[in-house]
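Ready for a few exercises in reading a structure? Have your viewer open, try each task, and then compare your steps with the worked solution.

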Amino acid sequence: MIEIVAGDKGKGKTKVLLERSNEDIKSINGSIIFVDKSSKHMYDLDSKVRLINITEFPISTTGEFLGFLSGVISQNNDIEEIFLDSFLTIAFIDTNNGLLSSLEELEKISDCFGVKFIVSISQVKEDLPSEVQDKVIVSL
């Protein structure tokens with residue numbers, strides 16, 4: 001399952017993800033991973049949520065990013081949710097076709113391993129491809 005938090009840059013998407021991850025960690029049995037492009041939100045997250053600063057790893061393509069996520073999941077079989085902040089940036093996506101194919105791959109990973117992905121995308125809901133409109137849970 002994939003859920004999208006959409007909205008223009010600076011509208012509060014990261015805050016929504018931080019609040020949601022901190023709330024969800026209280027009620028799930030497994031682990032939560034929060035992937036971001038820096039470590040600046042380390043102290044905003046519950047200590048049980050694992051923060052991964054993606055820039056610390058040699059990743060430069062969408063394929064490498066998706067492979068990295070698969071590797072993270074392979075090393076911890078109790079991950080229930082993965083939050084991906086600034087998804088377009090951290091996954092090296094610059095087109096709607098790239099977004100669609102990446103979300104399709106995430107959906108396959110989600111189905112295979114039972115992991116829910118919650119992603120923030122810096123676009124207003126109306127500008128997202130019609131195929132993903134139903135995945136938007138928050139539009140800012």
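The exercises below take up ring pairs, a helix contact, backbone angles and some single residues in this predicted model.

**Exercise 1. Classify the ring pair F34 and F83, and find which strands it connects.**

Step 1. Two quantities are needed: a pair of aromatic rings is described by the distance of the centres and the angle of the planes. The structure holds three aromatic pairs.

Step 2. For F34 and F83, the ring centres are 6.1 Å apart and the planes lie at 15°. Planes under 30 degrees apart count as stacked, so this pair is stacked.

Step 3. Now locate the partners. F34 belongs to strand β2 (residues 31-36), while F83 belongs to strand β4 (residues 79-84). The pair therefore ties together parts that are 49 residues apart in sequence.

Step 4. Finally, check the surroundings: F34 and F83 are both buried.

**Exercise 2. Do the same for F65 and F87: what kind of pair do they form?**

Step 1. The centre-to-centre distance is 6.3 Å and the angle between the planes is 65°. An angle over 60 degrees counts as edge-to-face, and F65 and F87 form a pair of that kind.

Step 2. F65 sits in helix α2 (residues 62-74) and F87 in helix α3 (residues 87-90). With their positions 22 residues apart in sequence, the two link distant parts of the chain.

Step 3. As for accessibility, F65 is buried and F87 is buried too.

**Exercise 3. Describe how α2 and α4 are arranged, and which residues form their contact.**

Step 1. Begin with the axes. Those of α2 and helix α4 (residues 96-113) come within 11 Å and cross at roughly 10°.

Step 2. Angles under 35 degrees count as roughly parallel, so α2 is roughly parallel to α4.

Step 3. Next comes the handedness: the crossing of α2 with α4 is right-handed.

Step 4. List the residues on each side. From α2 come T62, L66, L69, S70 and I73; they meet S102, E105, L106, I109 and F113 of α4.

Step 5. Sort the residues of this contact by class, and you get six nonpolar, three polar and one charged.

**Exercise 4. Look at the backbone of S86 and F92: what is the value of phi in each?**

Step 1. Recall the background: most residues other than glycine have a negative phi.

Step 2. S86 is not a glycine, yet has a positive phi of about 55°. For F92, phi is near 60°, again a positive value in a residue other than glycine.

Step 3. Place both residues. S86 is in the loop between β4 and α3, and F92 is in the loop between α3 and α4.

Step 4. Compare accessibility. S86 has a relative accessible area of 15% and is buried, whereas F92, at 39%, is partly exposed.

**Exercise 5. H41 and M42 are both in the loop between β2 and β3: is each one buried or partly exposed?**

Step 1. The cut-off for buried is under 20% relative accessible area. H41 stands at 13%, so H41 counts as buried. M42 has 41% and is partly exposed.

Step 2. Look for the neighbours of H41. Leaving aside residues up to four places away in sequence, H41 touches T14, L18, D36 and L51.

Step 3. For M42, try a distance: its C-alpha atom is 24 Å from that of G67, a residue 25 places away along the chain.

**Exercise 6. Contrast two strand residues, R50 and L84: how accessible is each, and which residues does each touch?**

Step 1. R50 is in strand β3, and L84 is in strand β4.

Step 2. R50 has a relative accessible area of 47% and is partly exposed. L84 has 0% and counts as buried.

Step 3. Not counting residues up to four places away in sequence, R50 touches I32, I33 and F34. With that exclusion, L84 touches L17, V35, F65, L69, I90, L106, F117, I118, V119 and S120.

Step 4. Close with two C-alpha distances. R50 and V35 are 15 residues apart along the chain and separated by 8.4 Å. L84 and S74 are ten residues apart in sequence, with 17 Å between them in space.

Methods
Residues numbered from 1 in each chain as written. Predicted model: local features only at pLDDT ≥ 70, side-chain atom pairs only at ≥ 80, totals over all residues. Heavy atoms only, no water. Phe/Tyr/Trp six-rings, centres within 6.5 Å; stacked < 30°, edge-to-face > 60°. Helix = DSSP H or I, 4+ residues; strand = E, 2+ residues; numbered from the N terminus. Buried < 20%, exposed > 50% of the residue type's maximum accessible area, 1.4 Å probe, protein only. Axes fitted to C-alpha atoms, helices over the stretch in contact; angles between N-to-C directions. Parallel < 35°, antiparallel > 145°, perpendicular 65-115°, else oblique. Left-handed = near helix turned anticlockwise from the far one by under 90°. Contact = heavy atoms within 4.5 Å. Nonpolar A, V, L, I, M, F, W, Y, C, P; charged D, E, K, R; others polar.
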